[in-house]
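Notebook open, coffee at hand. Today I look up how the parts of this chain meet, and then I turn to the cysteines.

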Amino acid sequence: MSASSKPRRLRRSQLAVPGVSEKMLTKAAGLDVDHVFCDLEDAVAPSAKEGARQTIVDALNNLDWGNTVRCVRVNDVTTQWCHDDIISIVEGAGDNLDTIMLTKPFTAADVLFADKLLDQLEKKLGLKKRIGLECLIEEVEAMHNVWEIAHCCERLECIIFGMGDYAASQGMSVKDIGEATYPGDLWHYPRYQLTIAARAAGIDAVDGPYADFSNPEGYAEECKRSLILGMVGKWAIHPAQIGPAQDLFSPSQADVDLARELISVYRQAEAQGIGSVNHQGKMVDAATARVFQNIVDRADLIGM
Ligand code: COA
Ligand code: MG
């Protein structure tokens, strides 16, 4: 499957839901959100991890998730849980699952472990559709290896900047997960590097958590920064963060109308053998059309 034939899924908001909480899983299924990941990693204490697998399997099989992408976040490959997480979830709910999210890879080989395990499970269970893979970039080694990770397998659909663990891995001094109190933008370099790798691989770049869910202004600012760089969405750790992310990562109708107009202006010029034209005091050329085509592509995916 080539990059362009990968499933195209909306990820404007990815809601984190602790896999131990039936209440929150039920609530999440009823929310209007692009993507939910049921968590087996940090939101679940070691003593509760094995029980949480069944709670998630039941939620995937029994709740109506509508059009929401259903993902399960599993523990990393250095733990005793990773393989059993993937096997239990896929054997229990493989037909009601869209993607698996892998945590804390260091190298592409870590992601390939999950890829090969999913290959085996899909064959064994005769699953009708391929389960996608998403992975966090949250270790300094992974950031260094992000190009190889992004390109490592056809199954990979998305890489996510996990700034909480990343800050720890780099030894950064930060107060709150996701907050960037630094002259300039603390997250600029890792977000930029990750987004370049994702775009080159034809996969989605997504921005990670913002812990202070009572600070909508701070959250919106981080959404805008990652959007400008080419990321397609941001995590929500609380339902209050879903609406803002889904709005901010959607072009406005005016943006879409302008994009379609500029592309049309360029096509008409091109048909007359002209490469660049003056449109209301601004230059429009092939690169303009390409930039604005991204907005049209987003609008098409959203159904605008
Ligand atoms: N998913 C689904 N529902 C959630 C939710 C989530 N992530 N976070 C909160 N809710 C629900 C609550 O259960 C509550 O439901 P109710 O109104 O039906 O009672 C409602 O939303 C309002 O929640 P609120 O009381 O404001 O927050 P809280 O104290 O219940 O929860 C957190 C706060 C931070 C503990 C909770 O949001 C959470 O666990 N978030 C996810 C953490 C996580 O997954 N971390 C790992 C990835 S970074
Ligand atoms: Mg993490």
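Which domains does the domain assignment of the protein chain give? I find domain 1 (3-248) and domain 2 (253-302), with bounds that come from an automatic or database domain assignment.

A note to self on ground rules: this is a predicted model, where local features need pLDDT of at least 70 and side-chain atom pairs count only at pLDDT 80 or more, while totals for chains, interfaces and linings use all residues. Residues are numbered from 1 along each chain as written, chains are lettered from A and ligands numbered from 1 in the order written, and side-chain values use heavy atoms, without hydrogens and water.

**Entry: the domain contact**

I looked up the C-alpha centres of domain 1 and domain 2, and they lie 33 Å apart. Six residues from domain 1 and five residues from domain 2 take part in the contact (heavy atoms within 4.5 Å).

Next I checked the buried area (accessible area, 1.4 Å probe, that two parts lose on being put together, summed over both). I noted about 520 Å² between the two domains, 55% of it from carbon and sulfur atoms. On the domain 1 side, Arg 8, Leu 10 and Arg 12 lose the most area to domain 2, together 71% of what that side buries.

I then searched the interface for salt bridges (a side-chain nitrogen of Lys or Arg within 4 Å of a carboxyl oxygen of Asp or Glu), and the rule finds zero.

**Entry: the cysteines**

I found zero disulfides in the structure (a pair of cysteine sulfur atoms within 2.5 Å). Why is Cys 71 without a bond? Its closest cysteine sulfur, in Cys 38, is 7.7 Å away, so the gap is too far for one. Cys 71 is also buried, at 0% relative accessible area (buried means under 20%, exposed over 50%, partly exposed in between, with a 1.4 Å probe and protein chains only).
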